[in-house]
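Visitor: Hi, I'm new to reading protein models and would like to go through one slowly with you. Could you put it up so that we can start?

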Amino acid sequence: MTDHADHAAESPAAGTVAPPRGLAPGTLAARHPVALGTLLALGAVNVAPLVIDTYSVNVLVRSFLYAAVALTVDLLWGYTGILTFGQSAFFGIGAYALGLAFTHIGLTPAVAVLALAGAVVVAAAVAALTGWLAFGYGVSPIYVSVVTLVLPIVATQLVFSGGTFTGSSSGLSGFDTFELDLEDWFRLAGCGLVLATAAAWLFVRSDAGRVLVAIRENEQRCTYLGLRTARIKIALMIACGIVAAIAGYGYAAYTDVVAPELTGFVFGTELVIWVALGGRGTLLGPVVGTILIDLTSAYLSGSLPFIWQLLLGVAFVLVIVALPRGLLPVLAAGGRRFAGAAAGTRAAVLPNLVPLVPTPTAAPADAGASATPALRLRGVTRRYGSLQVLHDISFTAHAGELLSIVGPNGAGKSSLMRCIADGHERTGGTVDIAGHPIGRRNPEACVAFGVGRKFQAASVFDTLTVAECLRLARMRHEPPSLWRRAKTLRLPVSALQVAQATGLLEHSGEEARHLSHGLKQALELAMVLALEPTVLLLDEPTAGLTRPERQTIGTILSALTRDSGMCVLLVEHDLDFVREISSRVVVLHQGKLALDGTVAEVVGSDLVRTIYSGETHALGDAHG
Amino acid sequence: MQAQILDIATSAAMLYAVAAGLLVIFGVMKIINFAHGAFLTLGGYCALLTTWAGISPWLAFPVAAIVGFIIGALVERFIVRPLYQRPLDAILATWGLGIILGQVITLIFGREVQFVQSPVQGTALVLDTDYSLYRLLLVPGAILVGVALAALLHGTRLGLAARAVIMNEALARGLGIDSDRVRSLTFGLGSALAALAGALITPLSSVDPAMGVPWLVNAFMLVMVAGRSLISLMVATVVLGGAQVLVSSYASPVLGGLTIAVLAAIILRIRPQGFARD
Amino acid sequence: MRYPMLAAGAVMVALGTAGPLPAQAADPIRIGVPVGLSGANSVVAPSVVQSAQLAIDEINAKGGVLGRSLELAVADDASGAAGAQKAFDSLIFQKKVDVLISMETSAARNAGLPIVGRGKVPYIYTSFYEGHSCSPYLYVDAWVPDQQVAPIVDYFQKEKGAKTFFLIGSDYAFGRGMLDFTREYIKKQGGQIVGEEYQPMDASDWTPVISKIRATNPDALVTSTAGGAPNVTLTKQLRAAGIKALYGNLAVDEGTAKNLGADAAGIVISASYLTSIDSPTNHAFAAALDKKFGSDLKTPNDLSVPEYEAVYLYAAALEKAGSTKADAVLAALPTVSVDGPRGSIRMDKQHHAPLTMYLGEVQGDGSVKVLKSFKDVDPGAQCPTLK
Amino acid sequence: MPSVTLMAEVIPALECRGLSSGYGEAVVIRHLDLVLRQGETLALLGKNGMGKSTLLKTVMGYLPALAGTVRLEGRTISGLPPQRIARQAVSYTPQDQALFPDLNVGDNLRLVVDDERALRTAVAHVGGYFPFIPDRLTQKAGTLSGGEQKMLLLARALISAPRVMLVDEITEGLQPSVVTRLVEVLRVEQRRLGFSLLIVEQNVRFALAVADRYAVLKQGEIADLGASADAGAETRIIDHLRL
């Protein structure tokens with residue numbers, strides 16, 4: 001109650017901040033800062049070698065290439081949450097592609113191009129393999145760190161085992177390479193870095209780029225929005241691997257040396273350190289951080305090598321423990337200009353929410369609904385080791401039904417929901433969604449068949465805005481742009497209704513973590529509805545809500561089943577609520593289906609009365 | 001062949017000694033201590049100090065364990081404790097700690113490679129093979145470490161508390177067990193074991209500020225595969241360590257160097273829980 | 001005008017160090033010494049730095065060269081290629097040294113050479129190595145396989161009756177280069193190679209190699225590992241495993257041997273410098289080192305003495321050229337000679353130097369007993385394209 | 001201000017004042033006032049999701065109090081971590097996962113006593129009620145039957161010499177004979193040790209049999225409070241609980 005009241009009081013104020021300041025979203029004006037920044041940076045990179053001393057130019061070429069790799073680490077770790085120690089391996093692939101080609105074949109334009117192509121292909125293949133290994137279903141999140149740790153070790157040992165072919169510990173050096181002035185190397189590397197950063201900047205701010213943050217924040221929710229997160233992560237891994245390989249290629253061409261250290265795990269961890277110090281998830285932070293750190297260490301390596309390393313180590317630990325966002329954002333937050341700019345970009349991308357005109361395809365689905373049940377369970381069982389939580393559950397549910405599942409704690413209600421939404425969950429039996437058996441498919445495949453699942457605790461994306469959360473839910477239907485943000489967001493009428501009725505619309509520019517508990521629940525419901533599911537699974541949607549909030553949700557649910565012909569499955573403890581809105585009730589008790597009937601039948605049943613008054617042993621047939 | 005059996009046994013013993021400390025910390029705290037390599041190095045330098053002091057090389061082992069314990073407990077208090085909810089950050093923070101320890105060691109002892117005295121010299125005739133006595137002694141040494149750990153976990157109240165925290169921390173706290181203290185002691189114990197392992201391996205190789213790093217990765221892989229059990233760690237060290245020896249002997253020592261890491265990655269992909277029972 | 005990067009400058013000021021200064025007429029002549037203070041070479045690097053420091057101090061005490069004093073600039077190359085690049089970059093472009101004089105791993109030397117070419121700085125390489133490294137900027141005053149291998153192999157074959165050999169090396173240019181030469185030489189002399197194994201430079205576990213030695217049971221071992229750590233770990237593990245074969249080591253120096261203690265006893269080495277050389281210059285050198293460094297003294301060895309002599313060679317070339325200009329110095333280098341602890345050194349054979357070689361056996365106390373010596377052994381045709 | 005001695009008599013064993021709590025932002029308990037008197041047994045009843053378990057978890061320090069305070073015999077304990085509260089002679093038996101199934105019976109008991117001698121005495125004592133315990137000290141607790149596990153839980157709570165005992169649904173899924181046994185043991189021990197008992201129940205009969213007073217929770221607030229002996233208490237409670 002208090003929580004909600006507080007929020008209601010502050011929401012008008014928040015509402016006045018959120019609307020854009022007269023900027024039409026997505027126009028050139030909105031993208032202007034990026035273009036301007038890129039041009040300025042390009043200009044600076046071209047002028048810099050004229051004023052900086054030779055040694056710094058020399059070192060900076062290397063720093064730029066490192067920074068490009070750090071950029072990929074930031075995309076993987078900072079944005080997507082994949083802690084990788086393996087980007088050095090891709091850098092090494094690029095470097096050795098050039099080193100081996102130029103040493104053993106020689107420098108010709110054709111060889112140079114082929115070597116680059118080889119580097120890209122090998123890096124992409126290795127990244128795909130790494131991703132396939134690391135992002136399989138049910139694999140623990142730390143496993144990706146295991147794999148990316150193995151990667152540079154394997155790469156280094158392969159270099160070692162190559163004998164004179166790879167130069168082993170010595171590496172390869174002294175091969176003929178491109179004849180370029182130091183200044184030109186500087187400009188080349190600098191422009192490459194600026195363009196890569198700008199591209200990454202556009203990407204992470206595009207609609208597609210928000211998926212990365214969504215995966216980091218809540219991968220489970222992503223999969224239940226039908227997003228194939230494993231494929232997205234593998235694709236990202238491939239792109240990042242290729243960029244790192246190109247940087248490595250440039251490094252070898254510039255320094256005329258390839259050495260096992262370039263592929264090693266220590267370099268891989270250094271990249272993570274630079275990114276952490278610069279500020280993970282900020283792109284500019286890691287780039288600037290890498291350049292500053294590498295340049296400073298170049299100056300200090302002679303005079304203060306240990307102290308410098310010690311300082312870096314101390315700074316790194318402090319940042320990880322106390323300032324997980326890194327140094328740069330903290331420093332930058334001091335400047336008001338940064339804060340203003342950040343708020344500006346945030347506001348400028350608020351899309352207009354428009355109702356989705358029902359497509360003709362929706363109609364046949366309704367027509368077919370009468371013939372095929374929306375949901376059919378046959379003999380579903382679930383075991384955890386020796387513990388059996390579901391015994392032989394069979395029932396069907398049709399379009400337009402609101403089926404409540406009730407039962408005491410531990411009756412297996414939530415397990416049942418999981419078995420419907422994820423093919424890996426059940427131990428036995430079959431589940432058909434609108435006539436499609438789900439088999440052993442992943443949640444995202446079940447979503448494709450028409451399942452929408454709302455979790456018990458509101459599962460949203462904390463650091464994304466309400467509009468962004470809703471956009472993610474629509475991506476299955478409308479593939480997002482890779483470099484820009486759409487001006488409009490089309491939502492199904494039901495989702496829009498939920499957003500309107502709960503007051504969510506006024507908060508569409510706000511980050512989800514700032515929402516009240518009730519609004520988070522409403523947001524998740526709207527997201528699930530945006531999927532246009534045929535079977536909607538709701539696990540205690542009203543837990544922890546105030547009475548008016550429950551009322552609102554109840555009204556919406558009734559309307560949904562009535563008007564849009566959805567099949568809703570509701571798990572609920574509050575039996576008053578169940579009585580008000582259900583068309584049918586299923587009672588689960590100790591993992592078995594105890595009763596399946598109308599509300600009146602269930603409410604009047606002695607069985608339910610005994611279950612709820614606690615004399616469980618009186619329930620003879622439930623004990624067998 | 002006999003020599004290979006001895007190689008496998010002694011290599012597995014070395015790996016077991018090196019990985020046990022990491023396993024203890026991972027088991028109780030669910031945190032990967034990437035400063036493990038630095039603690040190994042610390043143990044190596046403790047052995048170096050005993051060599052310099054001219055006292056019995058056997059004393060290197062208790063000295064290393066004690067120093068490791070004290071520093072480990074301090075580290076837990078000031079660096080690891082804020083990170084229990086952020087396991088990936090804990091990996092990074094402990095890695096950073098490893099850098100700090102390495103640099104401090106460098107500042108004190110210099111960068112160069114140094115050597116310690118071995119407590120035993122010469123060879124013994126086992127299985128018809130003249131084999132390094134020290135390496136042979138590593139086998140009972142590792143078994144001793146394993147038995148002592150098992151006794152500590154299963155025969156003392158601290159061990160019982162630690163096991164309770166591993167199994168269900170919330171319940172353990174509700175019964176009055178101070179899980180913070182258990183964790184401090186556990187981290188200290190894990191660090192002590194790491195330092196002890198460092199002292200154990202140095203007579204066979206050399207001491208330098210980066211000596212622990214190559215061991216870290218193998219220990220990490222073994223622990224990932226072993227899960228939380230000292231027994232499955234033993235299985236993992238024999239299987240993976242054995243594979244390493246065989247690949248080194250029949251293919252090449254260099255490929256042997258990546259055997260453990262690659263096998264671990266494959267095993268974990270097929271069976272995410274590794275050699276652990278469930 | 002060019003300025004160092006502001007940010008880096010600011011950090012350096014904060015840390016209390018000074019940035020590079022603009023060159024002035026009375027500036028000292030800077031001698032850059034990139035060495036492996038960390039990594040595989042860290043065992044011997046400190047003695048090399050001491051030798052360089054001694055030579056520079058001695059020359060400065062006599063008034064310097066061309067009216068200018070000499071100044072030492074050391075940089076750590078971490079004994080590897082990537083580290084060497086940073087060290088060479090820093091010395092040549094940041095510290096703007098006039099010459100590089102150092103021992104390096106072959107990996108580091110190869111990685112550094114392109115930078116030397118770009119910076120157009122003379123480079124005197126003072127480490128024994130696998131040979132055939134050729135550059136107009138590079139001079140070498142230490143031995144190559146042609147000078148070193150024959151004495152050991154001949155001794156094993158003719159005086160100890162060895163027929164089968166096992167070769168062990170660190171897997172890098174030096175390790176492979178030395179053993180390539182050794183293998184061919186042994187074959188030419190009618191010996192048999194029963195095994196040849198390489199491990200990465202930073203390897204510290206030699207168990208699989210020792211297993212193979214046991215399996216093949218050779219009469220003699222010839223090893224060529226990176227000087228320092230791999231050398232010591234290999235020797236310790238060989239001894240611990242009870243391998244009794246003859247043991248010729250192409251990379252061990254006296255200091256390392258002393259470190260090894262009893263384990264080193266019986267190792268046969270072939271070197272151009274031993275502390276026991278009985279010559280007035282060697283005695284004077286030893287006394288000067290002792291006086292300067294006292295208890296901190298690192299045993300001088302076959303890597304540090306060439307460094308000492310190379311500084312003198314450079315000073316002599318400066319005097320002759322009359323300037324620090326690279327072209328003039330490079331032209332003068334092969335024409336000057338110094339009388340150092342190893343005797344008279346002149347790098348006039350295709351940028352390499354004829355040397356007197358000693359065959360020695362390490363004793364239980366780490367000292368080396370000279371078995372034989374060979375006067376002014378020619379380095380052979382190392383760089384036919386150079387003068 | 002009453003004198004100290006006077007206060008000691010009226011100080012409740014446990015006292016919640018204005019207590020609000022929940023999970024994250026979901027508030028489950030709202031401004032709750034509840035008093036557990038010295039030596040009494042109070043049963044908390046209510047439908048699922050009404051905040052009964054949440055209340056126990058908040059008292060025990062697992063969940064932070066969003067507002068209000070919890071006092072144990074006059075000392076504020078809200079804000080302390082669970083182990084500190086447990087050390088003040090509060091015994092808590094959660095509803096799920098209350099045992100260590102992979103530890104043996106002896107170890108499960110050993111966790112709450114000071115040393116081996118105390119354990120031997122305690123085992124001998126509870127063995128009087130539950131003879132299987134001394135016989136099967138080395139059996140893994142997870143392999144005991146459901147009823148035996150509940151008895152072991154009660155035994156563990158008793159041997160920790162509690163001043164206040166918090167028990168969450170100990171009768172769930174038990175046969176009537178076992179429930180009767182538990183009621184008996186609780187009565188005898190409470191008389192002997194004088195602890196105060198706060199018990200969460202769905203089994204109304206058990207609750208009324210063991211408790212002096214009852215409280216019904218609805219939507220995180222107390223809907224009904226009375227003495228178990230009151231006429232019509234059971235009917236009233238079931239009315240609260242029914243659909």
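Guide: Let us begin with a term: a disulfide is counted here as a pair of cysteine sulfur atoms within 2.5 Å. In general, a disulfide is a covalent bond between the sulfur atoms of two cysteines. Please keep in mind that this is a predicted model, in which local features need pLDDT of at least 70 and side-chain atom pairs count only at pLDDT 80 or more, while totals for chains, interfaces and linings use all residues. Residues are numbered from 1 along each chain as its sequence is written, chains are lettered from A and ligands numbered from 1 in the order in which they are written, and side-chain values use heavy atoms, with hydrogens and water left out.

Visitor: Okay, so how many disulfides turn up over all chains?

Guide: Searching the whole structure gives 1 disulfide over all chains, and the two residues joined are C:Cys134 and C:Cys383, with a distance of 1.8 Å from S to S. The angle about the S-S bond is -90 degrees, and the link of C:Cys134 and C:Cys383 is left-handed.

Visitor: Where in chain C do C:Cys134 and C:Cys383 lie?

Guide: C:Cys134 is in the loop between strand 4 (123-125) and strand 5 (138-140), whereas C:Cys383 is in the segment after strand 14 (368-377), so the pair ties together parts of chain C that are 249 residues apart in sequence. Helices (H or I, at least four residues) and strands (E, at least two) are DSSP runs, numbered from the N terminus.

Visitor: Is C:Cys383 buried or exposed?

Guide: C:Cys383 counts as buried, because its relative accessibility is 1%, while C:Cys134 is partly exposed, with a relative accessible area of 36%. Buried means under 20% relative accessible area, exposed means over 50%, and partly exposed is in between (1.4 Å probe, protein chains only).

Visitor: And why is there no bond for A:Cys419?

Guide: The closest cysteine sulfur, in A:Cys446, is 11 Å from the sulfur of A:Cys419, which is too far for a bond. A:Cys419 is also buried, at 0% relative accessibility. For A:Cys567 the closest cysteine sulfur is in A:Cys446 too, at 15 Å, again too far for a bond, and A:Cys567 is buried at 0% relative accessibility.

Visitor: Back to chain C: how many helices and strands does it have?

Guide: Chain C has 12 helices and 14 strands. Its radius of gyration is 21 Å, close to the 21 Å that the globule rule gives for 387 residues, so chain C is as compact as a globular protein of that length. The radius is taken over C-alpha atoms, and the rule is 2.2 Å times the number of residues to the power 0.38. Buried residues make up 63% of the 387 residues in chain C.

Visitor: What does C:Thr256 touch, apart from residues up to four places away in sequence?

Guide: C:Thr256 touches C:Val43, C:Val44, C:Gly228 and C:Val232, where contact means heavy atoms within 4.5 Å. C:Thr256 lies in helix 9 (residues 254-260) of chain C and is buried, at 1% relative accessibility. Its C-alpha atom is separated by 22 Å from that of C:Val153, 103 residues apart along the chain.

Visitor: One from chain B, then: which helix holds B:Gln244?

Guide: B:Gln244 belongs to helix 10 (residues 230-250) of chain B, and B:Gln244 is buried, with a relative accessible area of 17%. Leaving aside neighbours within four places in sequence, the contacts of B:Gln244 include B:Leu15, B:Asn218 and B:Thr259.
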